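Here's a quick look at a ligand site and some ring pairs. Have the model open as you read.

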Amino acid sequence: MNILILNGPNLNMLGLREPEIYGDQTLDDIKGMCAQWALDHDWRVDFRQSNHEGELVTWIQEARGAFDGVVINAAAYTHTSVAIHDALKLLDVPIIEVHISDPKKREEFRHKSFIGPVAAHVIAGQGAQGYVLALEKLAEVL
Ligand code: CA2
């Protein structure tokens, strides 16, 4: 299986600030955890991050026919982006929404997700391990 893992804005700053919310692992550490999981399961993962909504939309469009599943932490775009919602709707593979923290337990503006309605499953509040749990969920679903 070939899986696309997408990360939205500011996640490249993980480990530098707010460890009480996001833990102390960097995005590179998380990439390593996903790569190790993929190696152990004989899967492939393509792990990407962008601060730009349009770039994420383009990557999602290009994923059509190229990947067997998508894991996405759209970060702040989770709560704002109709464009990412619409792009994800074009895919016919399972999508897992992941969040390091639990947005539902935080500020009101984080309670709305534009990804949720197009996701097969949501994993939130499990820290960096949430990414591995998302891959495990895909292994169940696929
Ligand atoms: O909990 C998550 O994974 C979030 O998707 C993270 C987003 C936030 O907007 C969502 O509501 C929940 C924020 C990512 C920003 O990451 C930072 C990293 C280091 C320092 C500050 C923020």
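## Oxygen contacts

Start at Ile100: one of its backbone N or O atoms sits 2.7 Å from an oxygen atom of the ligand. Keep in mind that this is a predicted model. Ser101 gets involved through its side chain, where an N or O atom is 2.6 Å from a ligand oxygen. His99 also joins in, with a polar side-chain atom 2.9 Å from an oxygen atom of the ligand. With a cut-off of 3.5 Å for N or O pairs, the Ile100 distance of 2.7 Å counts as a polar contact.

How much of the ligand's accessible area does the protein cover? On its own the ligand has 510 Å², and the protein covers 93% of that.

## The pocket and its shell

The ligand takes up the space of the largest pocket. Around the ligand there are 16 residues, and the closest are Asn73, His79, Ile100, Ser101 and Arg110.

What does that shell look like by class? It breaks down into 8 nonpolar, 5 polar and 3 charged residues.

## Aromatic pairs

On to the rings: the count of aromatic pairs comes to 2. In one of them, Trp37 and Trp43 have ring centres 5.1 Å apart and planes at 80 degrees; edge-to-face starts over 60 degrees, so that's what this pair is. Both partners are buried: Trp37 has a relative accessible area of 5%, and Trp43 has 15%, with under 20% as the cut-off.

Phe47 and Tyr131 pair up too, with ring centres 6.1 Å apart. Their planes are at 40 degrees, so this pair goes down as tilted.

Notes
Residues numbered from 1 in each chain as written. Predicted model: local features only at pLDDT ≥ 70, side-chain atom pairs only at ≥ 80, totals over all residues. Heavy atoms only, no water. Near = heavy atom within 4 Å. Polar contact = N/O pair within 3.5 Å; in protein donor to acceptor, adjacent residues only side chain to side chain. Areas by Shrake-Rupley, 256 points an atom, 1.4 Å probe, with all protein chains shown as cover. 1 Å grid on protein atoms, 1.4 Å probe; cavity = no way out; pocket = protein on both sides within 12 Å on 5 of 7 lines; lining within 4 Å. Sits in = over half its atoms within 2 Å of the grid points. Nonpolar A, V, L, I, M, F, W, Y, C, P; charged D, E, K, R; others polar. Phe/Tyr/Trp six-rings, centres within 6.5 Å; stacked < 30°, edge-to-face > 60°. Buried < 20%, exposed > 50% of the residue type's maximum accessible area, 1.4 Å probe, protein only.
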